[in-house]
Amino acid sequence: MKDFMLVFRNTLQNEENFAKQSPEQMQSEFASWKTWMDNLAKDGKLVGGDPLFPNGKVLKGTSKKLVDGPFVEGKDIIGGYMHIKANDYEDAIALSKECPALNSNEGSVEIREIMPAG
């Protein structure tokens, strides 16, 4: 098994729309994430992951200049990440196709193999 990082992206506008949802709509959204993650865990494929707050900080370059977030490039925002186990890229892609982030035309999942250090 190989390790993969899934990075969940959405647009800032879509994130703002999510914040305006009714409690029932939010509960439904959370339930779909829980179901997907529970299935990955049951299959021994989930290592971990969490949602991210939309704000943060970035240190840049040799000057170590501190910049405030969010870090919106092209109105894209990283909403969370997950570490999974998969046989190969094809397996990681297949597992990612069930991700609730893809229930929106503006959601995406970046799939990256984790390079072992050393």
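1. In this predicted model, helix H2, spanning residues 23–42, lies across strands E1, E2 and E5. The helix runs at about 25 degrees to E5.

2. A second helix, H3 (residues 89–96), lies across E1, E5 and E6. Its direction is at about 155 degrees to that of E6. E1 and E5 thus appear in the list of strands for H2 and also in the list for H3.

3. The strands that these helices lie across belong to an open sheet of four strands, ordered E2-E5-E1-E6 and paired antiparallel. The edge positions are taken by E2 (46–51) and E6 (108–113); each has a single partner strand, so one side of each is left without a neighbour in the sheet. On average, neighbouring strands of the sheet are turned by 20 degrees against each other, with direction ignored.

4. For the pairing itself, the general point is that strands of a sheet pair through backbone hydrogen bonds, in either a parallel or an antiparallel arrangement. Here E1 (residues 2–11) and E5 (residues 76–86) are joined by 10 bridges in the antiparallel sense. Two positions give the register: Phe4 stands opposite Ile84 in E5, and Met5 stands opposite His83 in E5.

5. On the other pairing of E5, the strand runs antiparallel to E2, with five bridges between them. Which residue of E5 does Gly49 stand opposite? The partner is Met82.

Key
Residues numbered from 1 in each chain as written. Predicted model: local features only at pLDDT ≥ 70, side-chain atom pairs only at ≥ 80, totals over all residues. Heavy atoms only, no water. Pairing = 2+ DSSP bridges. Axes fitted to C-alpha atoms, helices over the stretch in contact; angles between N-to-C directions. Contact = heavy atoms within 4.5 Å.
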